[in-house]
Amino acid sequence: MKKISVDHEFCQAHGRCYALFPDLFDAQDDGMAVAKGSGELPDSIDPADVTGCCPEAAITVG
């Protein structure tokens, strides 16, 4: 399984990731996104859909 990472230098707390993928992301108190649990991306989800949901390109999958 691939891992999701959120770069907080680029995250602007738009909330699209946790709105579109609530099983994968959560918001910190300041609205910054964090990967839930171990940050693993299920094989059933296309990594491009996850990375593409962030307008700041703060999400990577690797």
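How far is the sulfur of Cys17 from the closest cysteine sulfur, and in which residue does that closest sulfur lie? Before I answer, I should say that this is a predicted model, in which local features need pLDDT of at least 70 and side-chain atom pairs count only at pLDDT 80 or more, while totals for chains, interfaces and linings use all residues. Residues are numbered from 1 along each chain as its sequence is written, and side-chain values use heavy atoms, with hydrogens and water left out.

The closest cysteine sulfur to that of Cys17 belongs to Cys53 and lies 5.4 Å away, which is too far for a bond. A disulfide here is a pair of cysteine sulfur atoms within 2.5 Å, and the structure holds zero of them. Cys17 counts as buried, at 8% relative accessibility, and Cys53 is buried too, with a relative accessible area of 4%; buried means under 20% relative accessible area, calculated with a 1.4 Å probe on protein chains only.

Let me turn to the empty space inside. The count comes to one cavity of 30 Å³ or more, where a cavity is a set of points on a 1 Å grid over the protein atoms alone at which a 1.4 Å probe fits but cannot get out, and lining residues have an atom within 4 Å of a point. The largest cavity holds about 100 Å³ of space, and of the 15 residues that line it, Cys11, His14, Gly15, Cys17 and Cys54 are the closest to its centre. Helix α1, residues 16-20, gives the largest share of that lining, with three residues; helices are DSSP runs of H or I with at least four residues.

How values were computed. On a 1 Å grid over the protein atoms alone, a cavity is a set of points where a 1.4 Å probe fits but cannot get out, and a pocket is an open set with protein on both sides within 12 Å along at least five of seven lines; lining residues have an atom within 4 Å of a point. Grid points are joined across faces, edges and corners, and a volume is the space filled by probe spheres set on the points. Helices (H or I, at least four residues) and strands (E, at least two) are DSSP runs, numbered from the N terminus. Buried means under 20% relative accessible area, exposed over 50%, partly exposed in between (1.4 Å probe, protein chains only).
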